[in-house]
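Visitor: Could you walk me through this one? I'd like to know the reasons behind the labels.

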Amino acid sequence: MRLNILSIVLTLAGLSAAAPGLSFEIERQKSFTSNSVEPEILRIISTADIELFAPLITGFQASNPKVTVNYHEVSSTELMRALQDEKAPYDIAVSSAMDLQTKLANDGLALAHSSVATTLLPGWGKWHDYVFAFTQEPATIVISTKDFGDLPLPKTRQDLISILRDHPDRFRGRVGTYDVRSSGLGYLFATQDARTSETFWRLAEVMGNLDIQLYCCSGAMIDDVSSGKIAVAYNVLGSYAMARRDTQDTIRIIAPQDFTTVMMRTVIIPTTSQQPAIASEFVDHLIQAAWDENSSTSDYPFPTINRNPAASDTSLRPIRMGPGLLVYLDKLKKRRFITEWENAILQP
Amino acid sequence: MRFLLVEDNIQLAKAICSHLLLDGHVVDHADRLSTTKDYLATTAYDMILLDIMLPDGDGREFLNRYRASAGKTPVIVLTARSEVSDRVGVLDLGADDYITKPFDFSELEARCRAVLRRHGGGATNIKSFGEVEFDGLSGTITHHGTTTNLRNKELRLLEIFFNVPGQICSKSKLVDRLFSYDEDVSENAIEVYVARLRKHLEGSNVQIITVRGLGYRLSLV
Amino acid sequence: MNGVLKGTGSIRWRLITQLLSGAAILTIILILIVRSFSQQLAAQSQDNILNASLTAILDASSIQQGELTVDIPYSAFSMLSNLSNDRVFYRIDQDGAFLTGYADLPKPKLRATTDTPAFMTSTYQDIEIRMVTATRLLALEGRPIELQASIAQSRNGQAKTLAEISNMVMLFGSGFFVISAVIALLAAQSTVRPLKRLAASVSRRGPHDLRPVTASVPEEMTPLVQSLNQFIQRLDTSLTRSEDFIAEAAHRVRTPLATVRAQAEITLRRVDKDENRAALKEMIRAIDDSSRAAGQLLDHAMVTFRTDHLERSKIDLGALVGETVDRLQAVAALKDIVFTYAAIDRTQIFGDAILIQNAVQNLLDNAIKYSPVESDISVELTVEAPWITLSICDQGLGFPKTGAKRLTERFARGDNVAGIVGSGLGLTIVDEVIQAHSGNLIISNNPNGVGACVSISFPSS
């Protein structure tokens with residue numbers, strides 16, 4: 001497949017542009033064109049890193065050469081704005097914010113889809129016929145090898161709390177995490193942590209005391225840990241960290257043993273889709289790449305899915321899909337949580 | 001022979017009795033079953049002639065009871081009923097034979113003879129005249145040690161002669177006795193049978209004499 | 001006469017259709033009732049869960065820092081997850097003003113109080129939802145405020161459960177119906193069986209079996225059997241009367257004849273004059289004529305009667321002929337006629353013994369009558385499949401050359417038999433009997449020269 005010169009230019013530019021006629025913000029976009037004279041266009045809106053996600057698209061185009069894929073990378077809140085508020089026409093919506101995807105489905109903004117492929121999913125891998133999971137990505141603690149050279153690696157959150165308390169000077173201004181006010185995934189991870197254990201709030205307070213840095217995304221956190229700007233990043237997407245080969249030596253990825261929250265990246269077909277048939281096929285492709293034991297791993301850039309996570313590692317806590325995820329999206333509840341979080345993290 | 005006639009029709013009974021008497025038999029007449037029982041209790045008979053329809057009961061029932069009580073006398077049933085089943089049924093009940101009214105007396109005679117023959121009649125059946133012994137039942141004539149079988153008409157003719165030995169029997173009477181009313185025979189037919197009898201009697205001291213214009217007579221030589 | 005019976009349908013089928021329609025109606029009612037009941041149960045169970053969720057939400061409401069806050073517990077929503085595509089909607093209002101949730105979720109029509117939650121089925125976002133609303137009163141700075149919360153769930157799960165229930169109920173209903181149908185069939189069979197048995201047992205009877213029906217029958221059939229028995233009784237009486245009449249007629253005709261004949265014979269022995277003797281002979285001949293005629297008329301009536309209801313039993317023809325020959329020995333002996341008869345085996349036929357005996361006797365009687373003295377009558381049985389043939393040949397006058405066929409007609413007599421007493425019915429009777437038994441009658445002249453031959457053939461059994 002030949003890349004269009006213009007699309008390459010756009011990719012390399014990494015311009016964040018506004019979608020034409022609509023006000024939500026697109027961070028990056030890429031067009032995977034096909035050779036066909038009259039290509040069918042599949043529009044994807046996604047929170048996933050383009051480079052990380054690309055093999056799944058090329059793999060799909062291998063068996064569907066007539067399809068041109070337009071990929072728009074956005075933040076999870078912008079994705080909600082695009083689909084919920086502005087009803088932008090997209091065929092595929094991929095997001096790491098499971099709760100937001102569930103809300104879209106609950107609000108009737110997703111098309112139902114079932115096929116032979118969807119039968120591959122276990123009960124907890126989808127929400128009815130609307131939301132389909134295709135990854136298992138843990139929330140990890142990423143530390144800089146240099147800064148922890150002499151220190152024992154924290155195995156649990158409690159360990160991290162102790163280390164931070166013991167060495168405030170080393171870590172002041174050098175810890176980071178998601179700004180839950182702007183990051184959907186960050187909010188999801190934080191609320192799930194808070195649900196699970198009190199340690200979250202204690203850790204938040206300890207980090208707040210140390211003039212914590214707030215980020216929008218895992219990528220930025222990884223960069224800063226790698227470059228040494230911060231020493232510890234909390235709730236980083238383990239999959240991104242592992243995919244960053246360039247940072248292999250500079251960072252260590254730790255899955256906390258008291259509990260590791262595991263997020264499932266999900267895909268929905270918005271009701272605004274103009275190509276529901278191709279969208280369905282793409283969903284099937286994602287499901288097969290992830291859940292079919294016979295599919296090759298070269299097309300699947302994420303960690304291998306474990307069909308029985310609890311059996312292999314009791315510390316893994318997969319986030320369950322269901323209406324429960326809607327609770328923390330409640331206006332009042334969210335307001336309450338954010339107020340508490342701000343009190344802990346910002347310490348005004 | 002001693003007959004017991006059980007018949008309720010008086011005229012018919014009278015006629016039958018007369019006929020039997022003419023033939024030289026002895027007859028007792030009972031016109032009902034009660035009387036029959038009395039007669040049977042006191043007298044031994046050679047033959048019972050039994051009518052079916054009697055005023056005080058059914059002759060067949062009586063017959064059944066008679067046989068059940070080991071009554072041995074031969075019975076010929078006189079029946080006027082038309083049902084063959086009734087007639088045959090009578091034999092099953094113990095009658096030796098049956099005859100339908102009105103009947104030909106020669107037929108009755110023949111049947112009595114047959115029944116008695118089967119019963120093995122006693123010595124009373126043998127009549128003698130001169131050297132000749134005549135057994136009316138078995139139909140044989142014996143003299144000088146030789147027994148000859150007689151044919152039916154010969155037998156009957158000889159029986160008539162033996163009943164009235166020495167008496168003249170007219171041809172016409174003999175014709176009446178020997179031939180049925182169907183048969184239109186001349187009196188000379190008797191000649192044939194008389195001739196046959198004479199042949200059988202040859203060598204004995206008994207002969208049949210022709211009495212010109214009158215008839216025949218059995219006499220000693 | 002055989003009237004064709006008009007049917008009014010079959011009892012069995014009527015029973016079956018009635019039982020089946022009854023079963024069908026019951027099944028349908030059962031299905032409807034169970035379905036409705038299960039529907040209510042399922043609806044109730046959804047309502048219970050919704051109510052539990054609502055209670056959890058209301059329980060999590062409190063006044064904090066001068067403000068109403070509802071900390072919706074995670075479980076309030078997670079308990080609403082089910083296997084179907086059901087979505088969850090909620091709204092919370094404070095004193096009628098929207099606080100959080102889905103602002104356009106409809107409000108309940110009925111007033112909900114603290115104690116009684118209001119349930120409602122409505123539509124939202126183009127789908128059917130089941131909603132429960134309840135209120136809570138809280139005190140804010142001394143004033144009471146009313147908190148009203150509603151939680152709703154779409155009804156796909158319900159619909160699916162209902163479909164499952166419907167299918168299950170239909171399945172059971174059908175099963176029940178099938179079993180009812182089988183039972184109906186069996187019941188119909190067993191109900192009709194006594195009728196069939198009665199019909200079979202009555203039809204098995206021979207034509208002369210007029211015994212009353214004594215089989216035990218169910219109560220409802222008793223009047224039928226009683227009428228049947230009364231009918232049989234009447235028929236029996238009527239037949240007996242006819243038989244009795246014939247017997248009576250025979251007796252009344254024959255007894256006086258017997259008297260006259262006996263007297264005539266006696267008188268004949270006593271008179272000498274030729275002309276008197278001739279007259280008496282004439283008398284006796286006339287009497288024989290009339291008594292034979294009477295006898296044969298009665299026989300003919302009997303034969304006609306019996307051939308109408310021909311009995312079919314196994315008869316050994318050979319034995320029957322032998323008995324009849326024995327019976328007539330005495331009469332034959334009167335004319336010094338000799339019967340030759342040799343019994344053979346395998347002479348079984350089907351028929352009425354009485355009628356056949358009558359026919360054979362008639363033929364033998366005829367043979368004796370028309371044979372001269374001291375002649376032979378040959379009686380022969382031959383078996384030539386499928387027929388058994390009885391041939392009686394005499395040495396008498398033989399049949400006339402012309403008009404032999406006519407002899408079987410009533411009262412027909414041959415041209416050459418004037419002088420011999422005969423009624424002319426003998427062969428007629430024989431012919432009737434033969435025909436009733438699907439046999440053959442052949443009359444011919446004796447091939448051995450003089451005399452007549454009569455052959456009757458019967459189909460072998």
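Guide: Happy to. Asp92(B) is a good place to start: it sits in helix H4 of chain B, residues 84-93. Keep in mind that this is a predicted model.

Visitor: Why is Asp92(B) called exposed or buried, whichever it is?

Guide: Its relative accessibility is 68%. Exposed means over 50%, so Asp92(B) counts as exposed.

Visitor: What makes Asp92(B) part of a patch of charge on the surface?

Guide: Asp92(B) gathers there with Asp316(C), Glu323(C) and Asp326(C). Asp and Glu count as negative, so this is a patch of negative charge. To join a patch, a residue needs over 30% relative accessible area, and Asp92(B) has 68% relative accessibility.

Visitor: Now Val430(C): how do you know whether it is buried or exposed?

Guide: Val430(C) lies in helix H8 of chain C, residues 426-436. Buried means under 20%, and Val430(C) comes in at 0%, so it counts as buried.

Visitor: Which residues does Val430(C) touch, leaving out those up to four places away in sequence?

Guide: Those are Ala359(C), Asn362(C), Leu363(C), Leu441(C) and Ile456(C). Also, Val360(C) is 70 residues from Val430(C) in sequence, yet their C-alpha atoms are 7.7 Å apart in space.

Visitor: And why is Gln192(A) called buried?

Guide: Gln192(A), in helix H7 of chain A (residues 184-196), has a relative accessible area of 2%. The cut-off is under 20%, so Gln192(A) is buried. Setting aside residues up to four places away in sequence, Gln192(A) touches Thr261(A), Arg317(A), Ile319(A) and Leu325(A), plus Tyr74(C) from chain C.

Note on methods
Residues are numbered from 1 along each chain as its sequence is written. Chains are lettered from A and ligands numbered from 1 in the order in which they are written. This is a predicted model: local features need pLDDT of at least 70, side-chain atom pairs count only at pLDDT 80 or more; totals for chains, interfaces and linings use all residues. Side-chain values use heavy atoms; hydrogens and water are left out. Patches are made of residues with over 30% relative accessible area and no salt bridge: like charges are joined within 9 Å, nonpolar side chains (Val, Leu, Ile, Met, Phe, Trp, Tyr) within 5 Å. Accessible areas come from the Shrake-Rupley method with a 1.4 Å probe; for residues, only the protein chains shown count as cover. A salt bridge is a side-chain nitrogen of Lys or Arg within 4 Å of a carboxyl oxygen of Asp or Glu. The place of a charge is taken as NZ of Lys, CZ of Arg, CG of Asp or CD of Glu. Helices (H or I, at least four residues) and strands (E, at least two) are DSSP runs, numbered from the N terminus. Buried means under 20% relative accessible area, exposed over 50%, partly exposed in between (1.4 Å probe, protein chains only). Contact means heavy atoms within 4.5 Å.
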